[in-house]
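Biologist: I am new to this structure. Please give me a close look at one part, the helix packing.

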Amino acid sequence: MAALALLFVARSASAEPVKVVAGERGMQLVVAGKPMMVFGMNWDYQPIGENYSYDFWGKPDAFIEEALATDMTLLKAMGVNTIRQYDSIPPRWVEWIYDHYGIYTAVNNLMGRYGHAIDGVWTANIDYANPVHRKALLDELEASVKRYAGRRGVLLWMLGNESNYGLSWTSFEIEALPVEGSDPRAVHLYTLMNEAAQLVHRLDGEHPVSLTNGDIQYLDIIKTVCPAIDIFGTNVYRGESGGDIYRKVFEATGRPLLYTEFGADAFDAKEGREDDVAQAGYLLKQWRDIYRNAHGNGGVGNAIGGFVFQWTDGWWKTGQDVRLELHDKDASWPNGGYPHDFVEGQNNMNEEWFGITAKSASDSEGHYTVRPRTSYHVLQEAFALDPYATTSEAVDAHFDAIEPSGLSYRYAALRAESETASLQRLRLSNLRMVFDSSVSAGEAATGRAEAPAFGHTESFYVDLEAEPAKGVWGKLSLNAVGSVAGNRLDELFYEQRALAADGSGDVTDRVAVYGAEVKVEAPLATLKGYYRTGHTHWGYEGDFFGLYRETFYGPNLDTYKAGGPLGFELEGKGALSAFDVALGPEIYWGANPMVIGKYSERFGELGLTVMHQEDLLSGGSAESSFAAPERRNRKSAVLLDLPVGAFRLQLGGLMSGTPRIGERFTYVESVEGRGYLDSGYNYVADEVQLADTVAGRARVTLDAGWTKWLLQGSYHGLVAEGGEDRVVSWQRWSLQESGRGNHYALSSGVAVSAGSLTVAPKALYQVPLVGPNPSVDALYSPQTGIFYPGIAPRDVLGSPFAVLDNRETVGGELLLVWDPTPASWYWQWDRDDKERGPLSASLDLVYRHQPTSRDANLAVLENGAVVPFGGAPPASDSWDATMEVFSEAGPVRLRGALFAGLGQARGDSGREVLRKGFSLTADWNRVRLLTRLHLDDWGPYDYDRDFNLTYPVQWYGDLSWGVKAARLNQLETRLGLRGQVRVADEHSPGWVGASGVSSALEYESGVYLQFGL
């Protein structure tokens, strides 16, 4: 009963007043009348494989309490009395942490540092001079302060997070720290911070307000325009000592100094290994520096503590959205304040290794354990000294007695043998085993025997990772098979690679290389090698004409057992940072052996990019018409890129197809009368000229907050081939200009946002310079003995150019997006995982008026030969409507899509297809339901659309249970049941027909076990 009474008293008590008190001997933070040094920690909870978007506070209470109990117990035992948290932490958890562990929370409002919703529209880069932006930030701060008003456990308020660095950094990743500041926007930033501090004081007079500045940049401005700030908080990475920072802050502002971030990483970039002892040494000296400059210890007297950065390693920091399962060892910025691993001209700060604890993989519930590094034990002993009941001599004696190397055995004892240096050089990862059994059957008209057929597949994957030397890393992914099922309805899948070519069904190639990656860090370049692994395009780096294409092909890579992408990237660094090179036999799927070079540099505001592509040989066979190789080519491109206020102007030129100069081609002209062979056309012969190799493109974009606008015009000579434009301008519009030669085009789109709704119409006008050839049969006259050749559609193998996706098009698109969570961009690649909230959705409506036909596409035969179709379908309009929905309500997550459309086959069939259907994925804790239904749609493979092969009905369902909640692209252990039903007719693949039968049924059911580690 006494314990319950004490707990009741604690919970009913009001917030404790916190003041900054100055005296003759210095400054102190006084809490409830007692001086308090801030022994702080930058704390978060992010399992391996997660990043900044991980919603810890959205988990069930029991999950949160278990995680907090583990970490807060360790923090309290270490001597930590405060954690730093962004104001996304629910106030009740601030009180819970304080009530149970006596640990305070410094509440940090970011003040738009990483973007903010302005009038309901997410704005990535805040304009601190804009009154609308300023009001939005202050309104959000006011609401935040009111949420925490009167709450127990709040120690102080923090504003921003290195917002001054945001004036010069170009991304959200850590870059080299700017030393001096001269950006005129800084005045607007710091006057806003002063207004914010005044607002906090009005609403909460019990807690002081601190900046969260980047070092002391703009101190001269701060001292003038920020008088309302109570504490000069700063993120400082100077190495062993803050140097003169205490004196400069005191002389300029008269305020106490609080390190809102500081520390050292636990990785030696020079030696390429973990070094927890060096980290502990830096932290020990940094805290000695704080003690010496604290109240009454002989220094400046304005040090009131600091927040160590950070509690656990941030495995997501490098790349932020990629390689989250990898503890990256790439240093991301240089700092000579840490001389033990600093080399001039090289990075030495390893952003993923700042934790004073190391973390394990999470268990089936999502919790992980931490292993305190040497720094934990060193600081535990350091904090045992009361900073306000000592002398400078006692401080030195206390810190001199702490020896990091003597405490390192504790961390070493926690390491598993697999983590020793010798075994780190070679390790196994991503083990996956799949056991699949199925029964299939079909009616006789489908070509399947009515008797059920049984089959099973066993497939095993494993990655071998090696680090033979510093800066050298490689991964080899292997696949092995046991049996391979021969009864599957969808007959193309990766494991079929192991079957004998004679059709016997025997397994002859049990082990194969599934993929490989190599990375080598050199002083002037990073070399990356890849085989069947994806890489991004260079569209955001100045590749205006899409020469270097993206290679994330998803399941297609396995379905067609593709051998590409295969090649290398050289990414320049230091003096060569403007240069990049890509080369290889198939750097994107279907590419010819080629080399691409890129030079990109900025001259003030003007950006210049120059590129050249040289095809070295012609490609061979192909697995799919999606990636059929075309003829050898040579391309050179240039881009000028200039931002002008809210506008961005881009002007590019391309020369492509010069090897085709002099090649002859034919085209037709409509005539009155009979024309050639009574076709109504005249037959005209011509040849490719130098002018036909030239292309130009101009693009203007405007980002005006709630309104964004795109205008683009392009001209491509007959053979001036570029590539696909994968750059997303705010919205992922489906209607795009072709990258092929032989056309001119004009397109424009606007995105207008109001709250959570974005309305984004777009229009396209595209016309080929020389239209497609019709099909006209040849004629032989027995009377004259003269042969009159026919006219055939062109193709990209036998003609210097063709009309394909550059066909004449007048198109319109209306894209509607409902996104109430704008901080997670709706169009990001992993939105299946990242889109949270009750409802996010999009509706995309596209209509294409295509008044003329096109030329012949390519087909891939069973032996891999690439041949053109004999003709092309007639002129036909097409349309598509697609709705996507994402929803999360409690433990249930839904992702679904509805679609309908009218379109043509890629081959020469004139039959139009009106297709429709839906797909749905539902996750409920560990249970996943996946189902899709397609009506009158093409089959699942590229050749189905090539040859216009459709099914009246295709249904698939999958119900599975996993030991963990389902995640996108995550290795999981799951047990599942699946089923598939198809209705076939005369237009379906494998149809053999039967008397009086117009449709027939085929089906498959199966069970599978997937083990993932």
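Modeller: Start with confidence. This is a predicted model, and the protein chain has a mean pLDDT of 90 (pLDDT is the predictor's confidence in each residue, from 0 to 100). Of its residues, 95% reach 70 or more. Two stretches stay under 50. One is residues 1-12, with seven contacts beyond four places in sequence (contact means heavy atoms within 4.5 Å). The other is residues 170-175, with 15 contacts beyond four places in sequence.

Some ground rules come next. Residues are numbered from 1 along each chain as its sequence is written, and side-chain values use heavy atoms, without hydrogens and water. Local features need pLDDT of at least 70, side-chain atom pairs count only at pLDDT 80 or more, and totals for chains, interfaces and linings use all residues.

Now the helices. Helices are DSSP runs of H or I with at least four residues, strands are E runs of at least two, and both are numbered from the N terminus. Two packed helices are described by the angle between their axes and the distance between the axes. Axes are lines fitted to C-alpha atoms, for helices over the stretch in contact, and angles run from 0 to 180 degrees between N-to-C directions.

Take helix H9, residues 374-382, with helix H8, residues 276-292. Their axes come within 8 Å and cross at roughly 25 degrees. H8 and H9 are therefore roughly parallel (angles under 35 degrees; over 145 is roughly antiparallel, 65 to 115 roughly perpendicular, the rest oblique). The crossing of H8 past H9 is right-handed (the near helix is turned clockwise from the far one by less than a right angle; anticlockwise is left-handed). On the H8 side, the contact residues are Asp276, Gln279, Ala280, Leu283, Leu284, Trp287 and Tyr291. H9 brings Thr374, Ser375, Val378, Leu379 and Ala382. Together they divide into eight nonpolar, three polar and one charged (Ala, Val, Leu, Ile, Met, Phe, Trp, Tyr, Cys and Pro count as nonpolar; Asp, Glu, Lys and Arg as charged; the others, Gly among them, as polar).

H9 also meets helix H2, residues 61-78. Those axes come within 8 Å too, and cross at roughly 45 degrees. H2 and H9 are therefore oblique to each other. Leu74, Ala77 and Met78 of H2 make the contact with Tyr376, Leu379 and Gln380 of H9. These divide into five nonpolar, one polar and no charged. Leu379 thus appears in the H8 contact and in the H2 contact.
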